[in-house]
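Subject: Structure for you to look at

Dear colleague,

I am passing on the structure we spoke about, and below it I have written out what was found. Please read the notes with the structure open beside them.

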Amino acid sequence: MTSIPIIFFHYGNPDYLKYSLKQARFFNPHSEIYLLGDKKNDRYNFLTHIQAGKYQKEADAFAGIYKHRSSNGEHYELNCFLRWFYICAFCKENNIGQFIYLDSDVLLYEDISKMLPFFEHSTIANTCDTIGVPAFTYFNGYQAVHSFCDFLLYSYTNSTAIQNLQELYEPFLKDPTTMGGISDMTLFHIYFQEHPAETMKINLINNDLAIDICINNPDGYEMENGMKKIYWQNNLPYGKDVATHKLVRFASLHYQGHAKDIIRRHYKANGYVLPRLWESLKIKARFKKIKRSIKALVK
């Protein structure tokens with residue numbers, strides 16, 4: 001089976017990052033793993049670390065034309081766009097062929113080489129055809145990610161494309177309480193709609209294997225305490241399809257937002273025993289402090 005690279009992009013070194021990186025290595029022992037990051041996260045000896053800043057020039061080309069249209073912070077939203085330009089420049093410099101991009105809050109539970117036959121005939125595959133996020137994205141080489149970056153540049157410079165984005169943003173302007181707006185996810189949705197023959201939605205690989213869009217959303221699966229209810233079998237995660245009551249195995253889980261706090265609990269690779277214990281105690285102490293503050297307010 002063919003092993004392909006796995007690429008992460010992240011600045012800083014939050015507690016959960018080590019688990020995502022190490023688990024990708026655990027389930028993919030033969031894949032090259034790259035972290036495009038900064039000095040803070042240049043500390044993992046089981047992957048290749050790249051200083052993302054060396055590709056700043058390529059990212060600045062988009063930063064200079066970006067217009068913020070989102071309820072999220074501008075710095076956060078812009079960086080979500082810029083990651084694709086950093087990755088594109090890295091792939092060009094290093095002659096990277098097909099690869100998988102993973103968000104830093106994704107836990108992988110499958111060898112990518114076993115999944116490759118399902119989507120290797122597309123140029124880009126992820127969960128973003130009409131809804132979803134690009135937390136797990138397959139690119140069929142440099143030209144694929146370069147094409148998407150060109151599309152981003154076009155979308156923020158062509159007058160018709162700009163007008164289309166503005167029209168999509170209008171409902172958020174009319175109702176300031178509505179969260180969201182224009183993000184790189186939006187542009188993936190549009191790109192998939194405009195390139196149906198070249199792209200593929202892969203939230204369901206087959207009837208027995210799925211890629212989680214976001215653990216906080218039902219997506220047709222049973223929920224518990226605001227998240228997908230996970231059934232563990234042989235240390236692998238399953239979700240129950242509410243329509244068929246069938247258990248479907250997840251190849252990956254995406255812990256967006258507050259769900260990052262449970263990454264350490266769902267980590268199934270080796271090592272990090274003491275950090276997991278310490279972080280559990282820190283979180284418990286944090287909740288106790290919050291409870292004390294609430295009690296003081298209601299007295």
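How many nonpolar, polar and charged residues are there, by class, in the lining of the largest pocket? Before I answer, please bear in mind that this is a predicted model. The lining divides into nine nonpolar, nine polar and six charged residues.

To put that pocket in its setting, the space that lies in the largest pocket comes to about 630 Å³, and the pocket is lined by 24 residues, with Y76, C80, R83, D103 and D105 lying nearest its centre. Two elements, α3 (74-94) and α7 (184-194), are the ones that give two or more residues to this lining, and of the elements it is α3 that gives the most, with five residues.

The second largest pocket holds about 230 Å³ of space. It has 18 lining residues, and those closest to its centre are L204, A210, D219, Y221 and D241. Strands β10 (209-211) and β15 (247-254) each supply at least two residues of this lining, which by class consists of eight nonpolar, four polar and six charged residues.

Turning to the strands, there is an open sheet of seven strands with mixed pairing, in the order β3-β2-β1-β4-β7-β6-β8. Its edge strands are β3 (48-51) and β8 (199-201), each of which pairs on one side only, and the twist from one strand to the next averages 20 degrees.

Within that sheet, strand β1 (residues 6-9) and strand β2 (residues 33-37) run parallel and are joined by four bridges, with I6 standing opposite I33 in β2. The pairings of β7 are in the antiparallel sense: with strand β4 (residues 98-102) the pairing extends over five bridges, and with strand β6 (residues 124-126) over two bridges. Y138 is a convenient residue to look for in β7, since I100 stands opposite Y138 in the pairing with β4, while A125 stands opposite Y138 in the pairing with β6. Why is strand β7 (residues 136-140) described as largely enclosed by the rest of the structure? The reason is that four of its five residues are buried.

The cysteines deserve a separate word. A search of the whole structure finds zero disulfides, and the pair formed by C88 and C149 shows how this comes about in one case. The closest cysteine sulfur to that of C88 is in C149, at 4.3 Å, which is too far for a bond, because a disulfide needs the two sulfur atoms to be within 2.5 Å. Seen from the other side, C149 is in no disulfide either, its nearest cysteine sulfur being that of C88, again 4.3 Å away. Are these two cysteines buried or exposed? C88 is buried, with a relative accessible area of 7%, and C149 is buried as well, with a relative accessible area of 3%.

When you go through the structure yourself, you might begin with the lining of the largest pocket, then follow the sheet, and finish at the two cysteines.

With best wishes

Methods:
Residues are numbered from 1 along each chain as its sequence is written. This is a predicted model: local features need pLDDT of at least 70, side-chain atom pairs count only at pLDDT 80 or more; totals for chains, interfaces and linings use all residues. Side-chain values use heavy atoms; hydrogens and water are left out. Buried means under 20% relative accessible area, exposed over 50%, partly exposed in between (1.4 Å probe, protein chains only). On a 1 Å grid over the protein atoms alone, a cavity is a set of points where a 1.4 Å probe fits but cannot get out, and a pocket is an open set with protein on both sides within 12 Å along at least five of seven lines; lining residues have an atom within 4 Å of a point. Grid points are joined across faces, edges and corners, and a volume is the space filled by probe spheres set on the points. Ala, Val, Leu, Ile, Met, Phe, Trp, Tyr, Cys and Pro count as nonpolar, Asp, Glu, Lys and Arg as charged, and the others, Gly among them, as polar. Two strands pair if DSSP finds at least two bridges between them. Axes are lines fitted to C-alpha atoms, for helices over the stretch in contact, and angles run from 0 to 180 degrees between N-to-C directions.
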